[in-house]
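Please open the structure in your viewer and keep the selection tool at hand. The tour below moves from one selection to the next and says what is there.

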Amino acid sequence: MFLSLRSDLMSSCKPIKFTEEKLGQAEKTELDPHLDHLIARGDSTKNWTEKILRQTEVLLQPNPSARIEEFIYDKLDKKIPSRTTNAELLGQHMLDAAQEFGPETPYGRTLITVGEFQRKLGGAERELLQTSAAAFLNPLRNFLEGDWRTISKERRLLENRRLDLDICKARLKKAKQAEAKASAAPDFQETRPRNYVLSASASALLSEEVDKAAHELRVAQTEFDRQAEVTRLLLEGIGSTHLNHLRCLQDFAEAQTVFYAQCHHHMQDLQRELHRCVNADGIPPPSAAGGSDPASSAFPSEPLTSEAACSSQLPVTGSRKAKVLYDYDAHDASELSLLADELISVYTVPGMDPDWLIGQRGNEKGKVPVTYLELLS
């Protein structure tokens with residue numbers, strides 16, 4: 001009898017198909033507005049970090065083959081071999097050419113002089129590449145390959161938890177609708193006692209389905225809330241990432257400042273050396289032959305920096321304080337050696353090269369390059 005009753009009950013209670021459980025049809029649970037904002041800021045940070053990293057790599061290493069080689073070495077966790085810079089290679093070619101043409105000839109001596117300074121420029125470029133990689137590129141890569149991967153993983157888990165929650169909501173909604181429909185219009189005729197038993201059993205089964213769906217919804221909601229909190233904490237760490245990248249950006253700008261100051265200093269020294277070579281060989285300067293002086297044209301008479309612009313307006317007696325940015329070794333008796341972070345007095349004189357000032361420290365006095373100074377108001 002019980003087997004027959006169970007058979008009738010199962011045949012009468014057809015399973016309910018929850019079509020809303022299909023992907024894209026369930027009601028979508030909205031995220032907290034604050035979490036939505038954090039996700040948008042995280043995506044923006046990731047996208048711009050990738051662009052800045054990629055373009056900085058192009059700036060520092062224009063050769064795409066060299067960049068690919070460095071990428072492969074990095075992925076293999078091997079040390080990138082030292083690579084000669086273009087300036088160093090040019091300088092070496094000049095030195096080799098001077099040996100073949102004769103180092104004692106005017107052309108040979110000039111090739112040696114220019115070649116040595118090209119190698120110095122290449123050395124400064126190498127330092128820039130190494131400093132920029134350690135202080136700027138590596139932190140950006142570490143964020144993309146470390147922190148962002150963790151955030152992306154937790155966001156995928158959050159999306160899965162949200163889909164589970166949406167399915168549970170749809171299942172509970174369907175179960176309640178089925179229960180309400182059965183209560184309002186029973187499927188069984190109540191003219192016989194056996195049908196009373198079937199109707200009561202079907203109602204109990206539907207009620208049990210509602211309770212089960214409600215329990216699953218509570219569990220899914222708890223897991224969703226927990227995962228949302230984990231994701232939120234990770235995304236709030238983007239603020240610390242911005243501060244870290246800010247410091248790295250300052251270090252990168254400082255490395256560039258040092259590099260260009262070194263290049264400017266080397267080229268000024270090269271200009272003086274070329275003038276000495278011209279005077280020693282008795283060759284008339286290009287300007288005397290009706291042309292322009294290439295060394296002078298390489299350094300325009302206009303001030304190169306805002307500090308130089310201010311210094312060019314200083315009267316002879318208009319002394320002001322300046323902070324030394326980098327160490328500087330005097331090349332002759334007319335110049336003044338400097339130490340980083342010290343304060344000196346500076347002034348200019350009429351007709352003086354705008355790239356130089358007269359610096360004074362106690363009883364010591366001499367020319368100092370403007371690019372090594374920060375003028376104080």
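**A guided tour**

Begin by selecting glutamate 216, which counts as partly exposed because its relative accessibility is 26%, where buried means under 20% relative accessible area, exposed over 50%, and partly exposed in between (1.4 Å probe, protein chains only). The model is a predicted one, in which local features need pLDDT of at least 70 and side-chain atom pairs count only at pLDDT 80 or more, while totals for chains, interfaces and linings use all residues. Residues are numbered from 1 along each chain as its sequence is written, and side-chain values use heavy atoms, with hydrogens and water left out.

Add arginine 171 to the selection, and you will find its side chain meeting that of glutamate 216 in a salt bridge (3.1 Å, N to O). This pair links distant parts of the chain, with arginine 171 in helix 5 and glutamate 216 in helix 6 (residues 193–236), 45 residues apart. A salt bridge here is a side-chain nitrogen of Lys or Arg within 4 Å of a carboxyl oxygen of Asp or Glu, and by this rule the count comes to twelve.

Now step back to the whole chain, which has nine helices and five strands; helices (H or I, at least four residues) and strands (E, at least two) are DSSP runs, numbered from the N terminus. Buried residues make up 33% of the 377 residues in the chain.

**Further salt bridges**

Select arginine 126 and glutamate 88 next, a salt bridge whose closest N and O atoms are 2.4 Å apart. Arginine 126 belongs to helix 5 (residues 106–184) and glutamate 88 to helix 4 (residues 86–101), so that the pair links distant parts of the chain, 38 residues apart. Arginine 126 is partly exposed, with a relative accessible area of 21%, whereas glutamate 88 is buried, at 16%. Then select Glu229, Arg232 and Glu236, which are linked in a network of salt bridges.

**The strands**

Move to strand 3 (residues 356–361) and strand 4 (residues 364–369), which run antiparallel and are joined by six bridges; two strands pair if DSSP finds at least two bridges between them. Glycine 359 stands opposite glycine 366 in strand 4. The hairpin of these strands has two residues between them, and there glycine 362 takes a positive phi near 65 degrees.

From strand 3, pick arginine 361, which forms a salt bridge with glutamate 342, the closest N and O atoms being 2.7 Å apart. Because glutamate 342 lies in the loop between strand 1 and strand 2, the pair ties together parts that are 19 residues apart in sequence. Glutamate 342 is buried, with a relative accessible area of 16%.

In the loop between strand 1 (320–324) and strand 2 (343–347), select aspartate 341, which has a positive phi of about 80 degrees although it is not a glycine. Most residues other than glycine have a negative phi. Aspartate 341 is exposed, with a relative accessible area of 56%.

**A surface patch**

Finish with Ile68, Phe71, Ile72 and Leu76, which form a nonpolar patch on the surface with about 410 Å² of accessible area together. Patches are made of residues with over 30% relative accessible area and no salt bridge, with like charges joined within 9 Å and nonpolar side chains (Val, Leu, Ile, Met, Phe, Trp, Tyr) within 5 Å, and accessible areas come from the Shrake-Rupley method with a 1.4 Å probe, only the protein chains shown counting as cover for residues. Within this patch, isoleucine 72 is found in helix 3 (residues 64–75).
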